[in-house]
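Reader: Please take a close look at one loop in chain A of this model, and then set it against what can be said about the rest of the complex.

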Amino acid sequence: MMILSGDPPRSRVLTLLLVLIILALAATPFLFPGAKALNVAAKICVFAALVASYDLLLGYTGSVSFAHTMFYGIGSYAVAIALYGMGPNWTAVATGIVIGLPLAALLALAIGLFSLRVAAIFFAMITLAVASAFQVLASQLSWLTGGEDGRSFQLPELLRPGTVLISKNMFGFEVNGRILTFYLVFAISALMILGLLRVVNSPFGRVLQAIRENRFRAEALGFRTVFHLTYANCLAALVAASAGILNALWLRYAGPDTSLSFSIMLDILLMVVIGGMGTIYGAIIGATIFILAQNYLQSLMGVASKAASEAGLPLLPGLLHPDRWLLWLGLLFIASVYFFPTGVVGRLRHGGGKKTADASH
Amino acid sequence: MTDLAANDPLPKPKRDIAPVLLPIALALLMIPLIGSTSSWLTLTAASLAMGMMIFIMASGLTLVFGLMDVLNFGHGAFIAVGAYVATLVLAPFAASIQADSLWMNLAVLAPAALLSMAVSGALGLIVERVLILPVYGQHLKQILMTTGGLIVAEQTLYALWGPQIIPMPLPASLRGSFILGDVAIAKYRVLAMLIGLAVFIAIQLVLNRTKLGLLIRAGVENREMVEALGYRIRRLFLGVFMTGSALAGLGGVMWALYREQVHASMSDDLTVLIFIVVIIGGLGSIGGCFIGAILVAMVANYGGFLVPKLALVSNILLMVAILMWRPRGLYAVTSR
């Protein structure tokens with residue numbers, strides 16, 4: 001239990017689910033052939049880490065930030081711009097990391113310190129404003145970021161799909177650079193999630209929960225809530241930026257749609273809420289359910305929409321069109337906030353969901 | 001209130017005029033920076049018109065927060081709904097919109113705006129009952145629920161009207177500009193200013209001269225006390241919420257005409273602007289909201305003229321500067 005920081009899933013079904021998900025992810029390159037399955041698996045890994053870092057904010061401190069994709073985007077763009085400008089070598093990757101991570105942390109610090117000065121209630125609004133300004137900035141500075149087109153780049157030799165590490169006739173599977181990249185993404189994401197688990201189960205994490213439950217009382221107990229909240233903000237930003245770096249490395253591309261857009265923020269919110277706020281494990285479950293649904297249910301919607309339009313039903317084809325995917329997500333989102341505020345993990349842990357981990361103040 | 005009046009006046013609260021002077025000072029400061037007086041006048045008129053429209057949209061949000069501590073992240077949906085509903089009226093009567101007669105144009109525009117307000121107001125009723133009532137008093141869930149509501153509303157608009165941009169041409173008589181010497185002021189901006197001013201005065205009159213307004217102001221300051229006096233503040237709140245939604249719908253129509261197009265994503269950009277306005281003004285303060293809206297519009301217009309690429313970032317800078325000066329907004333009304 002050391003590795004889980006003494007915070008096991010505490011539910012047999014949940015444990016089984018998690019083990020299944022992790023095994024499936026780890027074995028994806030060998031179990032499910034094809035580029036799509038591998039892409040989906042990599043996206044699940046990246047988002048599990050990203051969502052877990054958001055959970056640190058939303059679930060453990062109870063503050064709603066709309067700027068999380070900004071940090072994710074900073075990581076993505078930092079590594080993309082470095083690799084684009086300096087060519088495909090490891091120095092460029094290192095440069096991207098060395099610039100991206102501190103930048104994200106500094107920006108988080110600035111937002112944290114600034115929102116301290118104003119009423120706590122403003123936090124969500126301020127992060128929304130800053131994030132949208134950043135998005136405009138990223139699309140305006142096209143000499144640096146490539147504008148709406150983004151930046152595509154080449155990876156260092158070792159990580160390219162053409163690089164064969166273990167040839168097919170040894171095990172019957174070819175291990176190439178692409179698969180190595182996948183395992184890099186998988187391992188770093190797993191490490192980050194374990195790290196976050198460590199953070200939330202440390203005394204520091206307990207203080208965050210105390211702040212969530214009652215900020216005034218936590219302050220009265222002598223904790224510097226300001227310090228704790230800002231620190232949590234910076235930590236979450238760092239993990240988000242790292243997830244962004246992984247995302248860019250996997251896609252070999254960074255652009256507004258894949259790393260900055262507001263719809264990613266909504267996706268993250270949905271994943272946290274579906275998985276279960278304040279659990280970290282919820283991030284893995286939420287990301288898996290959501291991304292699987294996004295990739296495989298959407299095509300089902302297309303089929304249903306076509307069937308409805310052939311049957312001559314009014315309105316339904318429009319509502320079921322794959323582009324209206326977000327509509328159903330929104331409804332699901334409202335329903336899950338309303339009926340399952342503790343998410344999948346909370347349900348599995350407490351059965352009937354009697355104990356609501358309501359994070360409001 | 002006349003039966004209360006004794007001959008000596010009640011002691012008046014101290015007036016805080018520094019925020020009022022702020023936009024005036026900003027405007028005057030810009031004269032030398034912009035250089036030409038005529039472009040300054042045009043820009044100032046544009047700022048005032050834009051500010052009034054933003055004020056109309058933001059006023060409901062600030063009151064809703066002040067009165068009931070409800071953070072509505074879905075306020076932008078009412079704006080988009082208002083604009084789309086207006087197209088329902090404006091499209092069939094395109095001929096009378098293009099006729100060059102002010103009265104004929106207004107005869108179509110006014111019902112369109114009224115219908116938009118009615119629909120957004122009714123939607124406000126539904127949103128309040130379905131989304132906000134169950135999570136009353138819980139900020140986190142309010143934000144989540146209303147964000148969900150915003151997505152659903154936006155997507156429903158796409159499903160009903162399709163994802164394309166719908167053109168919404170200005171009526172013929174409102175196109176063009178009034179020319180005063182070498183200063184050109186667009187006719188529609190004058191109309192927007194007039195409507196905005198009318199809404200501001202109407203809100204101020206209701207808030208300051210009627211019993212209803214007295215209750216609302218009292219509720220903003222201390223909700224429990226009003227409840228203790230036996231008033232049903234939930235019903236009052238519902239009324240304010242619906243009015244705020246209707247005003248957002250009106251603002252949506254005006255904004256769509258100003259941009260001459262309708263798109264569901266218009267609510268996204270405007271939501272950010274409105275939040276900035278509400279934060280700058282101080283949550284719950286109509287006067288602050290009015291000044292905040294004009295400041296934001298001024299920064300957008302002057303900034304767009306002087307440093308074009310930084311229009312949205314300049315709003316953030318404005319917000320930072322104002323909050324450094326007054327951490328709770330220009331006028332801090334609530335004790336929260």
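Author: The loop between α13 (262-275) and α14 (281-310) of chain A holds Ile280(A). This is a predicted model, and in it Ile280(A) has a positive phi of about 60° although it is not a glycine. Is Ile280(A) buried or exposed? It has 30 C-beta neighbours inside 10 Å, and because 20 or more make a residue buried, Ile280(A) counts as buried.

Chain A has another residue of this kind to set beside it. Ser5(A), which is not a glycine, also has a positive phi of about 60°. Ser5(A) is found in the segment before α1 (12-31) of chain A. With 18 C-beta neighbours inside 10 Å, Ser5(A) counts as partly exposed. The two residues thus share a phi of about 60°, while Ile280(A) is buried and Ser5(A) is partly exposed.

Chain B has positive phi values too. Glu260(B) takes one of about 60°, just after α10(B). The helix that precedes Glu260(B) is α10 (residues 233-259) of chain B, with 27 residues. At 1.5 Å a residue, α10(B) should span 39 Å, and its end C-alpha atoms are 38 Å apart, which agrees. Of the 27 residues of α10(B), 20 are buried, so the helix is largely enclosed by the rest of the structure.

Gly181(B) takes a positive phi near 65° in the hairpin of β2(B) and β3(B), where 2 residues lie between the strands. The strands of this hairpin, β2 (residues 177-180) and β3 (residues 183-186) of chain B, pair in the antiparallel sense over 4 bridges. One bridge joins Leu180(B) to its partner Val183(B) in β3(B).

These parts belong to a chain of 13 helices and 4 strands. The radius of gyration of chain B is 20 Å, close to the 20 Å that the globule rule gives for 336 residues, so chain B is as compact as a globular protein of that length. Its C-alpha atoms fill a box of roughly 55 × 50 × 40 Å along the principal axes. Of the 336 residues of chain B, 51% count as buried. Among contacts in chain B with a separation of 6 or more, 77% come from residues 24 or more positions apart.

The two chains also meet. On the side of chain B, 34 residues are in contact with 39 residues of chain A. The elements of chain B that give two or more residues to this side are α6 (139-161), α11 (266-281) and α13 (311-325). Of these, α6(B) gives the most, with 15 residues. By class, the side of chain B that touches chain A has 23 nonpolar, 7 polar and 4 charged residues.

Last, the confidence of the prediction. The predictor gives the complex an ipTM of 0.82 and a pTM of 0.87. For chain B the mean pLDDT is 87, and 94% of its residues reach 70 or more. Within chain B, confidence is lowest in helix α4 (residues 94-98), at a mean of 79, and highest in helix α7 (residues 187-209), at 93.

How values were computed. Residues are numbered from 1 along each chain as its sequence is written. Chains are lettered from A and ligands numbered from 1 in the order in which they are written. This is a predicted model: local features need pLDDT of at least 70, side-chain atom pairs count only at pLDDT 80 or more; totals for chains, interfaces and linings use all residues. Two residues are in contact if their C-beta atoms, placed from the backbone, lie within 7 Å. Ala, Val, Leu, Ile, Met, Phe, Trp, Tyr, Cys and Pro count as nonpolar, Asp, Glu, Lys and Arg as charged, and the others, Gly among them, as polar. pLDDT is the predictor's confidence in each residue, from 0 to 100. A residue is buried if 20 or more other C-beta atoms lie within 10 Å of its own, exposed if 12 or fewer, and partly exposed in between; C-beta atoms are placed from the backbone. The expected span of a helix is 1.5 Å times one less than its number of residues. The radius of gyration is taken over C-alpha atoms; the globule rule is 2.2 Å times the number of residues to the power 0.38. Two strands pair if DSSP finds at least two bridges between them.
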